[in-house]
Amino acid sequence: MNANRPRLVRPRHGRVFAGVCAGLARRFGISPFMMRLLFLLSCLLPGPQFIIYIALWIIVPNEDKVYSHA
């Protein structure tokens, strides 16, 4: 794993709904607002965006669970 990139976790602070967009934004180094905007724009296209969001909500761990075990 690349040490320069943060882990993909759902942050405890800065969430709007489940923290998926905020976690992805932190992971890829962009603002959470931009990630949320990209997600909303992607909803205009056909595809499984909501299913992927729910899957990430289930799969990606909370920040406090990951760092409490470290």
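Let's start with Ala-25. If we set aside neighbours within four places in sequence, Ala-25 touches Ile-30, Ser-31, Pro-32 and Met-35. Please keep in mind, everyone, that this is a predicted model.

Take one of those partners, Ser-31, which sits in the loop between α1 and α2. Is Ser-31 buried or exposed? Neither, quite: its relative accessibility is 37%, so Ser-31 counts as partly exposed. Ser-31 can also be placed relative to Cys-21, ten residues away along the chain, with 9.5 Å between the two C-alpha atoms. And while we are in this part of the chain, have a look at Gly-29, just after α1, where phi is positive, at about 75°.

Now back to Ala-25, and to the company it keeps. Which residues form the largest nonpolar core? There are eight of them: Ala-18, Val-20, Cys-21, Leu-24, Ala-25, Met-35, Phe-39 and Tyr-53. Helices α1, residues 20-28, and α2 each contribute at least two residues to this core. The largest share belongs to α1, with four residues. As a general reminder, nonpolar side chains in soluble globular proteins tend to be buried together.

Let's stay with α1 for a moment. Its buried residues are Val-20, Cys-21, Ala-22, Gly-23, Leu-24 and Ala-25. What covers them? The cover includes α2 and α3, the latter spanning residues 49-59.

There is another residue I'd like you to see, and that is Pro-11, in the segment before α1. Pro-11 has a relative accessible area of 1%, and therefore counts as buried. Where does Pro-11 lie with respect to Ala-22? The two are eleven residues apart in sequence, and their C-alpha atoms are 6.9 Å apart in space. Ala-22 is also one of the contacts of Pro-11, once neighbours within four places in sequence are left out; the others are Gly-19, Gly-23, Arg-26 and Glu-63.

That last partner brings me to confidence. Glu-63 belongs to α4, residues 63-68, and this helix has the lowest mean pLDDT among the elements of the chain, at 72. At the other end is α2, residues 32-42, with the highest mean, 96. For the chain as a whole, the mean pLDDT is 88, and 89% of the residues reach 70 or more. A friendly caution to finish: where pLDDT is low, the predicted coordinates should not be read in detail.

How values were computed. Residues numbered from 1 in each chain as written. Predicted model: local features only at pLDDT ≥ 70, side-chain atom pairs only at ≥ 80, totals over all residues. Heavy atoms only, no water. pLDDT = per-residue confidence, 0-100. Core = buried A, V, L, I, M, F, W, Y, C linked by side-chain atoms within 4.5 Å. Buried < 20%, exposed > 50% of the residue type's maximum accessible area, 1.4 Å probe, protein only. Contact = heavy atoms within 4.5 Å.
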